[in-house]
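Reader: I am in my first year and would like to look closely at one part of this protein rather than at the whole of it. Could you take me through the salt bridges, slowly and in connected sentences?

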Amino acid sequence: DHMWPAFDEAMSPWFESKSKTEKKYGFRFGGHYQVLWQGANRTIKGPDYASGGLLRMLGTWTPSGPDRPRAPRLSFTVDHRHKFSAVPPSGMSGQIGYVGSTSAIMGDTGWDLVNLFWNHPFEFCDGRCGFAAGRLDPNEFFYVYSFSNPWTGFMNNEVVNVTALPQPQSSWGALAGNYFTDTIYGIAGVNDANGTADDSLEWFK
């Protein structure tokens, strides 16, 4: 069932065009926009609220076409992060005296190249092993659990990430992994330790 049939019908030419592009060129893309407002009943300095928005565009390019299962592909994610108030949500913690972060993604960094990496599963292991190399966020691969998605779960950085681990944000690097069973896997990688989400065009420092 559709929640808004009229809207879905109006957008059907757009989705059909995307489907044709994927079948012809192996290029799949999409985007979304999110707004966040946070407020506090008391602060130690400055304003008692913060707000901002994030535009995300993402996609994949599969040179061999979308019909091949477990095909190698190039993945990309581009963000535009901006504030609406004097303080972005990522800076709200300083207003309330909190050591952590009240929002892991809502900053004011402008355009950021978050991901641009080659994802290569291997056929000999039926896609249960493979590697990824390029610009990627190691926090999306290591210590991942159900509440680690700030888009659909908690936005608090101490819940989203394991802050006790010295892992960088989006950065240039590579990793490889293998599923030994359905519940046991191994993964190892290397990344630029100084990487941040807003150093898109910088390499190893």
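Author: Let us begin with the setting, keeping in mind that this is a predicted model. The protein chain has 3 helices and 7 strands, and read along the sequence they follow the pattern α-β-β-β-α-β-β-α-β-β. Of its 205 residues, 35% count as buried. A search of the whole structure finds 5 salt bridges, and the part to look at closely is a network of salt bridges that links Arg56, Asp79, Arg81 and Asp112.

Start with Asp79 and Arg56, which form a salt bridge whose closest N and O atoms are 2.7 Å apart. Because Asp79 lies in strand β3 (residues 73-83) and Arg56 in strand β2, this pair ties together parts that are 23 residues apart in sequence. To judge whether these residues are covered, recall that buried means under 20% relative accessible area. Asp79, at 0% relative accessibility, therefore counts as buried, and Arg56, with a relative accessible area of 11%, is buried as well.

Now move to Arg81 and Asp112, another pair in the network, where the closest N and O atoms of the salt bridge are 3.8 Å apart. Arg81 lies in strand β3 and Asp112 in strand β4, so here the parts tied together are 31 residues apart in sequence. Arg81 counts as buried at 9% relative accessibility, and Asp112 is buried too, with a relative accessible area of 2%.

For contrast, look at a salt bridge between loops, in which the side chains of Asp182 and Arg128 meet at 3.3 Å, N to O. Asp182 sits in the loop between β6 and β7 and Arg128 in the loop between β4 and β5, so that distant parts of the chain, 54 residues apart, are linked by the pair. Asp182 is exposed, with a relative accessible area of 66%, while Arg128, at 32% relative accessibility, counts as partly exposed.

It also helps to see what stands beside these residues in the sequence. Trp111 has its place in strand β4, the strand that holds Asp112, yet Trp111 is exposed, with a relative accessible area of 54%, whereas Asp112 is buried. Trp111 also joins Tyr33, Val35, Leu55, Met57 and Phe84 in making a nonpolar surface patch of about 610 Å², to which β1 (27-39) and β2 (49-61) each supply at least two residues. Strand β2 thus takes part in the patch, and it is also where Arg56 of the network lies.

Terms used. Residues numbered from 1 in each chain as written. Predicted model: local features only at pLDDT ≥ 70, side-chain atom pairs only at ≥ 80, totals over all residues. Heavy atoms only, no water. Patch = residues over 30% accessible without salt bridge, like charges linked within 9 Å, V, L, I, M, F, W, Y side chains within 5 Å. Areas by Shrake-Rupley, 256 points an atom, 1.4 Å probe, with all protein chains shown as cover. Salt bridge = Lys/Arg side-chain N within 4 Å of Asp/Glu carboxyl O. Helix = DSSP H or I, 4+ residues; strand = E, 2+ residues; numbered from the N terminus. Buried < 20%, exposed > 50% of the residue type's maximum accessible area, 1.4 Å probe, protein only.
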